[in-house]
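User: I would like to learn how to read the features of a model like this one, beginning with the way helices pack. Could you take me through it step by step?

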Amino acid sequence: MGPEETVRKAYSAMSEQYIGLFDDGWEDRTHPEDMAIIRDHLTGLSGPVLDLGCGPGHWTGHLHSSGVDVTGIDLVPRFIEHARQTHPGPDFQLGSLTDVDLPAGSVAGVLSWYSTIHMAPVELDRALAEFRRLLQVSGVLVVGFFDSAGEVATFGHKVTTAYHWPVAVFAEHLAQAGFVELQRVQYALPERPDRRFAAIAAAAR
Ligand SMILES: C[S@@+](CC[C@H](N)C(=O)[O-])C[C@H]1O[C@@H](n2cnc3c(N)ncnc32)[C@H](O)[C@@H]1O
(Lines give C-alpha, C1' and ligand atoms only; values in the text may rest on other atoms or scores of the structure.)
Protein backbone atom coordinates (compact mmCIF):
# COMPACT_ATOMS: atom_id res chain seq x y z
CA MET A 1 0.00 0.00 0.00
CA GLY A 2 1.41 3.43 -0.98
CA PRO A 3 1.47 6.43 1.36
CA GLU A 4 -1.70 8.03 -0.03
CA GLU A 5 -3.65 4.79 0.30
CA THR A 6 -2.40 4.44 3.89
CA VAL A 7 -3.59 7.98 4.70
CA ARG A 8 -6.95 7.49 2.94
CA LYS A 9 -7.63 4.28 4.84
CA ALA A 10 -6.55 5.72 8.18
CA TYR A 11 -8.76 8.83 7.92
CA SER A 12 -11.65 6.83 6.44
CA ALA A 13 -11.58 4.56 9.50
CA MET A 14 -11.80 7.58 11.84
CA SER A 15 -13.79 9.91 9.60
CA GLU A 16 -16.78 10.44 11.93
CA GLN A 17 -14.57 11.25 14.93
CA TYR A 18 -12.53 13.67 12.81
CA ILE A 19 -15.66 15.33 11.41
CA GLY A 20 -16.92 15.73 14.99
CA LEU A 21 -13.93 17.93 15.86
CA PHE A 22 -15.28 20.65 13.57
CA ASP A 23 -18.89 20.97 14.64
CA ASP A 24 -20.42 24.32 15.57
CA GLY A 25 -18.03 26.68 17.30
CA TRP A 26 -14.79 25.18 15.91
CA GLU A 27 -13.59 28.67 14.97
CA ASP A 28 -13.86 29.78 18.61
CA ARG A 29 -11.74 26.78 19.65
CA THR A 30 -9.07 27.53 17.02
CA HIS A 31 -5.90 29.35 18.05
CA PRO A 32 -6.17 33.07 17.18
CA GLU A 33 -2.77 33.01 15.44
CA ASP A 34 -4.00 30.25 13.13
CA MET A 35 -7.19 32.18 12.35
CA ALA A 36 -5.12 35.29 11.65
CA ILE A 37 -2.43 33.82 9.38
CA ILE A 38 -5.08 32.20 7.18
CA ARG A 39 -7.32 35.27 7.10
CA ASP A 40 -4.48 37.73 6.54
CA HIS A 41 -2.89 35.85 3.63
CA LEU A 42 -5.74 34.03 1.90
CA THR A 43 -8.61 36.52 1.86
CA GLY A 44 -8.72 39.43 -0.54
CA LEU A 45 -6.57 37.77 -3.21
CA SER A 46 -7.41 38.41 -6.84
CA GLY A 47 -7.90 34.83 -7.96
CA PRO A 48 -9.00 31.39 -6.83
CA VAL A 49 -7.72 29.60 -3.74
CA LEU A 50 -7.31 25.84 -3.18
CA ASP A 51 -7.71 24.17 0.22
CA LEU A 52 -5.55 21.10 -0.42
CA GLY A 53 -6.18 18.27 2.01
CA CYS A 54 -9.34 20.04 3.14
CA GLY A 55 -10.61 17.19 5.34
CA PRO A 56 -14.29 17.80 6.24
CA GLY A 57 -14.15 21.22 4.56
CA HIS A 58 -14.40 23.59 7.54
CA TRP A 59 -11.60 25.92 6.37
CA THR A 60 -12.96 25.82 2.82
CA GLY A 61 -16.38 26.83 4.14
CA HIS A 62 -14.83 29.52 6.33
CA LEU A 63 -12.89 31.04 3.42
CA HIS A 64 -15.96 30.86 1.17
CA SER A 65 -18.00 32.75 3.75
CA SER A 66 -15.22 35.39 3.77
CA GLY A 67 -15.81 35.93 0.05
CA VAL A 68 -12.99 33.71 -1.27
CA ASP A 69 -13.42 31.70 -4.50
CA VAL A 70 -12.20 28.47 -2.95
CA THR A 71 -12.14 24.77 -3.86
CA GLY A 72 -11.46 21.98 -1.38
CA ILE A 73 -9.66 18.78 -2.41
CA ASP A 74 -9.12 15.69 -0.29
CA LEU A 75 -8.33 11.99 -0.66
CA VAL A 76 -11.08 10.76 1.65
CA PRO A 77 -14.51 10.19 0.05
CA ARG A 78 -16.42 10.59 3.35
CA PHE A 79 -14.80 13.98 3.98
CA ILE A 80 -15.77 15.22 0.52
CA GLU A 81 -19.32 13.91 0.94
CA HIS A 82 -19.61 15.65 4.34
CA ALA A 83 -18.04 18.86 3.01
CA ARG A 84 -20.52 19.07 0.13
CA GLN A 85 -23.47 18.54 2.48
CA THR A 86 -22.27 20.96 5.16
CA HIS A 87 -20.79 23.74 3.03
CA PRO A 88 -22.98 24.11 -0.08
CA GLY A 89 -21.12 27.16 -1.47
CA PRO A 90 -17.62 26.04 -2.46
CA ASP A 91 -16.64 23.30 -4.89
CA PHE A 92 -15.19 20.11 -3.39
CA GLN A 93 -13.28 17.46 -5.31
CA LEU A 94 -11.99 14.02 -4.44
CA GLY A 95 -8.32 13.87 -5.38
CA SER A 96 -4.67 14.10 -4.47
CA LEU A 97 -2.91 17.30 -3.52
CA THR A 98 0.19 16.09 -5.31
CA ASP A 99 -1.61 15.83 -8.67
CA VAL A 100 -4.19 18.58 -9.11
CA ASP A 101 -5.90 18.80 -12.48
CA LEU A 102 -5.36 22.53 -13.03
CA PRO A 103 -2.89 24.45 -15.21
CA ALA A 104 0.33 25.93 -13.86
CA GLY A 105 -0.05 29.40 -12.40
CA SER A 106 -3.83 29.17 -12.24
CA VAL A 107 -4.42 29.95 -8.54
CA ALA A 108 -3.72 32.93 -6.27
CA GLY A 109 -3.62 31.02 -3.00
CA VAL A 110 -3.11 27.56 -1.51
CA LEU A 111 -4.01 26.46 1.99
CA SER A 112 -2.33 23.27 3.16
CA TRP A 113 -3.50 23.06 6.73
CA TYR A 114 -1.81 20.07 8.40
CA SER A 115 -2.33 18.14 5.16
CA THR A 116 1.36 17.31 4.61
CA ILE A 117 1.93 16.07 8.17
CA HIS A 118 1.92 12.40 7.16
CA MET A 119 4.46 12.92 4.37
CA ALA A 120 8.07 11.81 4.54
CA PRO A 121 10.53 14.52 3.40
CA VAL A 122 10.67 13.29 -0.20
CA GLU A 123 6.86 13.33 -0.43
CA LEU A 124 6.72 16.79 1.16
CA ASP A 125 9.01 18.07 -1.59
CA ARG A 126 6.68 16.58 -4.21
CA ALA A 127 3.71 18.34 -2.57
CA LEU A 128 5.53 21.70 -2.32
CA ALA A 129 6.50 21.41 -6.00
CA GLU A 130 2.84 20.91 -6.90
CA PHE A 131 1.78 23.90 -4.75
CA ARG A 132 4.42 26.03 -6.50
CA ARG A 133 3.30 24.80 -9.94
CA LEU A 134 -0.31 25.72 -9.21
CA LEU A 135 0.42 29.20 -7.88
CA GLN A 136 0.89 32.29 -9.98
CA VAL A 137 3.99 34.37 -9.22
CA SER A 138 3.39 36.19 -5.92
CA GLY A 139 0.58 33.77 -5.11
CA VAL A 140 0.50 32.77 -1.45
CA LEU A 141 0.82 29.42 0.31
CA VAL A 142 -0.21 29.03 3.94
CA VAL A 143 0.97 25.73 5.40
CA GLY A 144 0.35 24.41 8.90
CA PHE A 145 2.45 21.61 10.41
CA PHE A 146 3.82 20.19 13.64
CA ASP A 147 6.95 21.89 14.96
CA SER A 148 9.89 19.96 16.37
CA ALA A 149 12.53 21.21 18.77
CA GLY A 150 14.86 18.45 17.53
CA GLU A 151 15.09 16.83 14.14
CA VAL A 152 12.65 15.87 11.42
CA ALA A 153 11.08 12.79 12.98
CA THR A 154 7.95 10.69 13.10
CA PHE A 155 5.63 10.56 16.07
CA GLY A 156 2.55 8.54 16.96
CA HIS A 157 -0.28 10.70 15.62
CA LYS A 158 -3.69 9.22 16.53
CA VAL A 159 -4.71 8.74 12.86
CA THR A 160 -1.47 7.47 11.33
CA THR A 161 2.24 8.17 11.58
CA ALA A 162 3.04 11.85 11.25
CA TYR A 163 6.19 13.97 11.06
CA HIS A 164 7.24 16.99 13.01
CA TRP A 165 9.70 19.45 11.56
CA PRO A 166 12.05 22.09 12.96
CA VAL A 167 10.50 25.21 11.46
CA ALA A 168 13.84 26.32 10.00
CA VAL A 169 14.17 23.02 8.13
CA PHE A 170 10.61 23.21 6.80
CA ALA A 171 11.39 26.78 5.70
CA GLU A 172 14.46 25.54 3.79
CA HIS A 173 12.29 23.05 1.89
CA LEU A 174 9.90 25.90 1.05
CA ALA A 175 12.77 28.06 -0.20
CA GLN A 176 14.10 25.20 -2.35
CA ALA A 177 10.62 24.74 -3.83
CA GLY A 178 10.51 28.38 -4.94
CA PHE A 179 8.87 30.22 -2.05
CA VAL A 180 9.81 33.36 -0.13
CA GLU A 181 8.71 33.36 3.50
CA LEU A 182 6.28 36.10 4.53
CA GLN A 183 5.34 35.14 8.07
CA ARG A 184 5.73 32.32 10.54
CA VAL A 185 3.75 31.38 13.62
CA GLN A 186 4.86 28.97 16.37
CA TYR A 187 3.16 28.12 19.62
CA ALA A 188 2.47 25.40 22.17
CA LEU A 189 -0.63 25.03 24.28
CA PRO A 190 -0.31 24.99 28.09
CA GLU A 191 -2.32 21.75 28.22
CA ARG A 192 -0.14 20.08 25.51
CA PRO A 193 3.44 21.26 26.16
CA ASP A 194 4.78 18.21 24.31
CA ARG A 195 3.10 19.23 21.04
CA ARG A 196 4.22 22.35 19.15
CA PHE A 197 2.35 23.93 16.26
CA ALA A 198 3.68 25.97 13.36
CA ALA A 199 2.50 27.72 10.25
CA ILE A 200 4.29 29.57 7.48
CA ALA A 201 2.89 31.94 4.89
CA ALA A 202 5.07 32.15 1.81
CA ALA A 203 4.88 33.76 -1.62
CA ALA A 204 5.69 31.99 -4.88
CA ARG A 205 8.68 33.60 -6.60
C1 LIG B 1 -4.69 16.39 9.67
S2 LIG B 1 -5.90 16.33 8.42
C3 LIG B 1 -6.16 18.07 8.11
C4 LIG B 1 -7.50 18.32 7.48
C5 LIG B 1 -7.87 19.80 7.39
N6 LIG B 1 -6.97 20.51 6.52
C7 LIG B 1 -7.89 20.41 8.77
O8 LIG B 1 -7.31 21.48 8.94
O9 LIG B 1 -8.46 19.82 9.69
C10 LIG B 1 -4.98 15.85 7.00
C11 LIG B 1 -5.84 15.81 5.76
O12 LIG B 1 -5.01 15.78 4.61
C13 LIG B 1 -5.55 14.86 3.70
N14 LIG B 1 -4.46 14.40 2.85
C15 LIG B 1 -3.29 13.85 3.22
N16 LIG B 1 -2.55 13.55 2.15
C17 LIG B 1 -3.27 13.95 1.08
C18 LIG B 1 -3.04 13.91 -0.33
N19 LIG B 1 -1.92 13.38 -0.85
N20 LIG B 1 -3.99 14.42 -1.15
C21 LIG B 1 -5.14 14.94 -0.64
N22 LIG B 1 -5.42 14.98 0.67
C23 LIG B 1 -4.50 14.50 1.52
C24 LIG B 1 -6.14 13.77 4.57
O25 LIG B 1 -7.07 12.99 3.86
C26 LIG B 1 -6.76 14.59 5.69
O27 LIG B 1 -8.05 14.99 5.36
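**Reading a helix pair**

Analyst: In this predicted model, the axes of helix H7 (residues 121-134) and helix H8 (residues 167-177) come within 9 Å and cross at roughly 45°. Angles of 65 to 115 degrees count as roughly perpendicular and those under 35 degrees as roughly parallel, so H7 is oblique to H8. The crossing in which H7 passes H8 is right-handed.

User: Which residues in H7 and H8 meet?

Analyst: From H7 come Leu 124, Asp 125, Leu 128, Ala 129 and Arg 132, and they meet His 173, Leu 174 and Ala 177 in H8. By class, the contact of H7 with H8 divides into five nonpolar residues, one polar and two charged.

User: How many residues surround the ligand, and which are the closest?

Analyst: The ligand is surrounded by 19 residues, the closest being Gly 53, Gly 55, Leu 97, Trp 113 and Ser 115. The shell around the ligand consists of 11 nonpolar, six polar and two charged residues, and its largest share, three residues, comes from helix H1 (residues 3-13).

User: What radius of gyration does the chain have, and what would a compact globule have?

Analyst: The chain, which has eight helices and nine strands, has a radius of gyration of 16 Å, which agrees with the value near 17 Å for a compact globule with 205 residues. Taken along the principal axes, its C-alpha atoms fill a box of roughly 40 × 40 × 35 Å.

Note on methods. Residues numbered from 1 in each chain as written. Predicted model: local features only at pLDDT ≥ 70, side-chain atom pairs only at ≥ 80, totals over all residues. Near = placed C-beta within 6 Å. Helix = DSSP H or I, 4+ residues; strand = E, 2+ residues; numbered from the N terminus. Nonpolar A, V, L, I, M, F, W, Y, C, P; charged D, E, K, R; others polar. Axes fitted to C-alpha atoms, helices over the stretch in contact; angles between N-to-C directions. Parallel < 35°, antiparallel > 145°, perpendicular 65-115°, else oblique. Left-handed = near helix turned anticlockwise from the far one by under 90°. Contact = placed C-beta atoms within 7 Å. Rg over C-alpha atoms; globule rule 2.2 N^0.38 Å.
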